[in-house]
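Colleague: I have just opened this one and have not looked at it before. Could you walk me through it?

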Amino acid sequence: MNLPALIEAQWIRLTINQQKIADYVLTNPFPVATMGIEELASATETSTATITRFVKALGLNGYTEFRTHAVQGYQALLKPVENVDRARHNPPKRVVEDSFANALELLKNVAQQADNPVWESAAMRILNAQRIAFLGFGVSGNLLQLFADRLLPFSRAQVMLTGDCGMERVALKIAGLGPEDLLIAMGLPRYSQATVDFMKMARGRGTYCIAITDGTHSPLAALSHEQIFIPAEHPVLHSSGIAAIAAFETILAILAAHHQSVSDAVARTRFLMPYFYADDKTHPQSKTRTTDVSEAE
């Protein structure tokens with residue numbers, strides 16, 4: 001039985017102070033799931049003894065069992081907290097070793113999808129889309145910006161849906177999408193509710209949706225036409241972007257190798273030549289028109 005059901009079943013037997021605690025628990029379920037007994041006593045302006053009696057009145061054996069009921073439904077959200085609590089007891093060298101070992105394992109796992117047709121399919125969708133919209137928030141938004149920048153040579157137009165200038169602007173941009181466009185949505189634990197809501201809006205506009213997420217359990221999976229699954233676990237952080245970057249580079253490699261000509265690559269290099277550094281001082285392309293005067297002297 002979950003905590004609200006336990007409280008409802010015992011409500012008439014609770015004292016006034018215990019009902020006060022129960023009200024706080026029901027209206028602040030997530031904070032309560034993270035609190036120790038002293039914190040809950042302080043938040044409810046009671047004592048630890050009163051909290052203990054409240055827990056017993058619910059028919060529970062102690063505060064540990066109470067916390068077990070309180071965290072139901074929040075396990076995924078609380079995992080990063082547990083990771084940090086566990087890692088803080090490790091020396092820095094161990095934290096470094098675990099992080100690198102985890103990165104290697106994630107890359108190994110995503111590499112097992114080399115035969116997945118999604119890589120070529122995603123590349124073709126990118127090439128054929130009238131516009132590519134990138135939807136994601138937080139770390140996912142930052143990673144998508146990197147992907148979008150690398151895709152500039154292969155996309156006709158781009159729309160960033162990462163929350164800049166407010167959510168209303170994101171909604172307005174999605175309202176302009178259609179069947180000729182492509183939405184690339186990214187969501188890693190902990191998932192953003194806004195990503196889910198805006199993805200539903202894009203689907204309603206008839207826009208083809210590709211989800212970049214960590215598995216079929218992700219709320220983005222069921223909303224997308226096509227999925228790129230990337231492992232994202234990390235021993236300390238709430239998620240890792242290592243496998244996401246590898247997936248991005250895989251798609252970019254397909255585009256560069258099979259969907260651009262050598263002449264296109266040469267023309268792009270010539271266009272950018274003035275902005276590249278050259279050791280040979282006889283080549284003026286090492287100095288650009290944007291060079292700061294103090295640097296040129």
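Modeller: One term before we start: a residue is called buried here when its relative accessible area is under 20%. Please also keep in mind that this is a predicted model.

Colleague: Okay, with that cut-off, what share of the 297 residues of the protein counts as buried?

Modeller: By that cut-off, 38% of the 297 residues are buried. As for the outside, the protein exposes about 16,900 Å², and carbon and sulfur atoms supply 56% of that area.

Colleague: And how many helices and strands does the protein have?

Modeller: There are 15 helices and five strands. The five strands form an open sheet with parallel pairing, and their order across the sheet is 2-1-3-4-5.

Colleague: Which strands stand at the edges?

Modeller: Those are strand 2, residues 158-161, and strand 5, residues 226-229; each has a single partner strand, so one side of each is left without a neighbour in the sheet. On average, neighbouring strands of this sheet are turned by 15° against each other, with direction ignored.

Colleague: Let me zoom in on strand 1. Which strands does it pair with?

Modeller: Strand 1, which covers residues 132-135, pairs in the parallel sense with strand 3, residues 182-187, over four bridges, and Ala133 stands opposite Leu183 in strand 3. Four bridges also join strand 1 to strand 2, again running parallel, and there Leu135 has Leu161 as its bridge partner.

Colleague: How does the helix in between fit in, and what is the handedness of the unit that strand 1, helix 10 and strand 2 make?

Modeller: Together, strand 1, helix 10 and strand 2 make a β-α-β unit that is right-handed.

Colleague: Are the residues on the two faces of strand 1 buried or exposed?

Modeller: Both faces are covered, with Ile132 and Phe134 buried on one side, and Ala133 and Leu135 buried on the other.

Colleague: Switching to helix 9, which of its residues are buried?

Modeller: In helix 9, which spans residues 118-128, the buried residues are Val118, Trp119, Ala122, Ala123 and Ile126. They lie on the same side of helix 9, because they cover an arc of only 135° around the axis.

Colleague: Why would residues a few places apart point the same way?

Modeller: An α-helix has 3.6 residues a turn, so residues three or four places apart point the same way.

Colleague: And what covers the buried residues of helix 9?

Modeller: The cover includes strand 1, strand 3, strand 4 (208-213) and strand 5, together with helix 10 (139-150) and helix 13 (242-258).

Key:
Residues numbered from 1 in each chain as written. Predicted model: local features only at pLDDT ≥ 70, side-chain atom pairs only at ≥ 80, totals over all residues. Heavy atoms only, no water. Pairing = 2+ DSSP bridges. Axes fitted to C-alpha atoms, helices over the stretch in contact; angles between N-to-C directions. Buried < 20%, exposed > 50% of the residue type's maximum accessible area, 1.4 Å probe, protein only. Arc of directions from axis to C-beta. Contact = heavy atoms within 4.5 Å. Right-handed = clockwise from strand over helix to strand, strands pointing away. Areas by Shrake-Rupley, 256 points an atom, 1.4 Å probe, with all protein chains shown as cover.
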